[in-house]
Amino acid sequence: MDPLRNPFSPGAGAPPPELAGREEILEAARIALHRIRAGRSEKSQMLLGLRGVGKTVLLNKIGEAAEEIGYHVVMLEAPEGQRLAAYLAPALKSTLLRLDRAEKAKESVSHAFGALRGFARAFKVSIGEFSIAMGEPSLADSGNLEIDLPALFLAVGQAAKAADSSVVILVDEVQYLNEADLRALIVAFHALAQKGLPVVMFGAGLPQVAALSGEAKSYAERLFDFPSVGPLGTEATKQAIEQPIRGEGAEISPDALDRIVSVTKGYPYFLQEWGKHTWNVAPRSPVTSGDVVAASESATGALDRSFFRVRFDRLTPREQDYLRAMAALGSGPHRSGAIAEALGRTVESTGPLRSGLIKKGMVWSPAHGETAFTVPLFDEFMRRAIPDWQPPAAADRR
Ligand SMILES: Nc1ncnc2c1ncn2[C@@H]1O[C@H](COP(=O)(O)OP(=O)(O)O)[C@@H](O)[C@H]1O
Ligand SMILES: [Mg+2]
């Protein structure tokens, strides 16, 4: 059918034509936002799930919902290998500039600017020039993030409160925060919650974040909710495909929908890709299951070239080997010992490789001694990418 009218949208963070099956998560977020806006206590939330399940899309939706009820939205994406202070400070500066417009908040905003200036100096972040009242004491500048970040956030929270406003901090790719940054954030939100200040955080990241924050601070679990973002159920998957097609005045047969459910296993990224390619190959409405089958090759090819490939290309040959050995064992999770064995090596000697892959966000540990892919169906991709794989020869082993 006409590709110009194709409603589907595969792509990282691309808003889907139909956001199916996420009502509960969005409702919980809305309730938290309203409660905090009204000065009531509520936990911050960390959305956790594999790649391509729709976390970024949800975070953006939460940001929109927050904006509608009058929040100042700060959107951050943790870049690999950069410190939180470097991108947080400039973002908070623009928040404070907006809060500064409220006459009654002038004094607390100026105080918060003092904290921001101290913070930026202590962590060597350039945030440009801005004028603050003379004699404003320098704050949040001890150089210890676990002290300065809470002090900075408290000052921002007081400024927001004085302005009758509220601030939501959205942090995507939380797994790339290093432990010290994550720990400081947790301490900061603990302090904010205790004071009932109107600042809340929504994070999104890979499932290993739950363990990371647990290690970061034992009270993380009391402080944060960890809604899990999984594949869509059968009904939601069908809805995500059928509604956009109907929206374009076309139809899709029930067995075509069943087939899409079974090939995509309900993973949002995959269903967008399958929806897109199926639409393009279908000669006419209604879309049939034959069309879904005919689209499989181009849909898989598109995923291999984008969604999977970008991850694969960031791997060293040794890391590729590790993941290929995992893939040889099936979809997983696998015992780390079994993977080492498939590589002809010991668990101890593959430990650093595995840690590196966790840092890169390629694998995670669902339970002690277990390893799983963070990208759904990555085992199938690895087997396609390296079809005739052999464990490395003994001579290459270390
Ligand atoms: N609830 C949903 N229903 C249908 N498609 C969705 C849904 N959530 C996300 N998508 C689609 O899935 C893809 C991946 O979404 P994204 O938010 O980037 O995932 P993540 O951040 O978890 O990797 C996008 O193409 C998006 O349009
Ligand atoms: Mg994302």
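## A walk around ligand 1

Start by selecting the shell of residues around ligand 1: this group splits into 14 nonpolar, 7 polar and 4 charged residues. Keep in mind that you're looking at a predicted model.

Now trim that selection. The shell holds 25 residues, and the ones that come nearest to the ligand are Ser 9, Gly 13, Ala 14, Gly 52 and Lys 55. Show those five as sticks and leave the others as thin lines.

Next, zoom in on Lys 55. An N or O atom in its side chain is 2.8 Å from an oxygen atom of ligand 1. Then slide over to Val 53, where the backbone takes over: one of its N or O atoms lies 3.3 Å from an oxygen atom of the ligand. For another backbone stop, pick Pro 16, which has a polar backbone atom 3.4 Å from a ligand oxygen.

How much of ligand 1 does the protein bury? On its own the ligand exposes 570 Å², and 96% of that is buried by the protein. Turn on a surface and you'll find ligand 1 sitting in the largest pocket.

Which elements give two or more residues to the shell? Colour α2 (55–68) and α11 (268–281), because those are the ones that do.

Step back and colour by domain. Domain 1 covers 23–225 and domain 2 covers 233–308; both give residues to the shell, so ligand 1 lies between them.

Now leave the ligand for a few backbone oddities. Go to Lys 265, in the loop between α10 (254–264) and α11. Lys 265 isn't a glycine, yet its phi is positive, at about 55°.

Follow α11 out of its other end, into the loop that runs between α11 and α12 (289–312), and select Pro 286 there. The peptide bond from Ser 285 to Pro 286 is cis, with omega near -5°.

Last stop: Pro 333, in the loop between α13 (317–328) and β6 (334–335). Here too, look at the bond before the proline: the peptide bond from Gly 332 to Pro 333 is cis, with omega near 0°.

Note on methods
Residues numbered from 1 in each chain as written. Chains lettered and ligands numbered in written order. Predicted model: local features only at pLDDT ≥ 70, side-chain atom pairs only at ≥ 80, totals over all residues. Heavy atoms only, no water. Near = heavy atom within 4 Å. Polar contact = N/O pair within 3.5 Å; in protein donor to acceptor, adjacent residues only side chain to side chain. Areas by Shrake-Rupley, 256 points an atom, 1.4 Å probe, with all protein chains shown as cover. 1 Å grid on protein atoms, 1.4 Å probe; cavity = no way out; pocket = protein on both sides within 12 Å on 5 of 7 lines; lining within 4 Å. Sits in = over half its atoms within 2 Å of the grid points. Helix = DSSP H or I, 4+ residues; strand = E, 2+ residues; numbered from the N terminus. Nonpolar A, V, L, I, M, F, W, Y, C, P; charged D, E, K, R; others polar. Domains from an automatic or database assignment.
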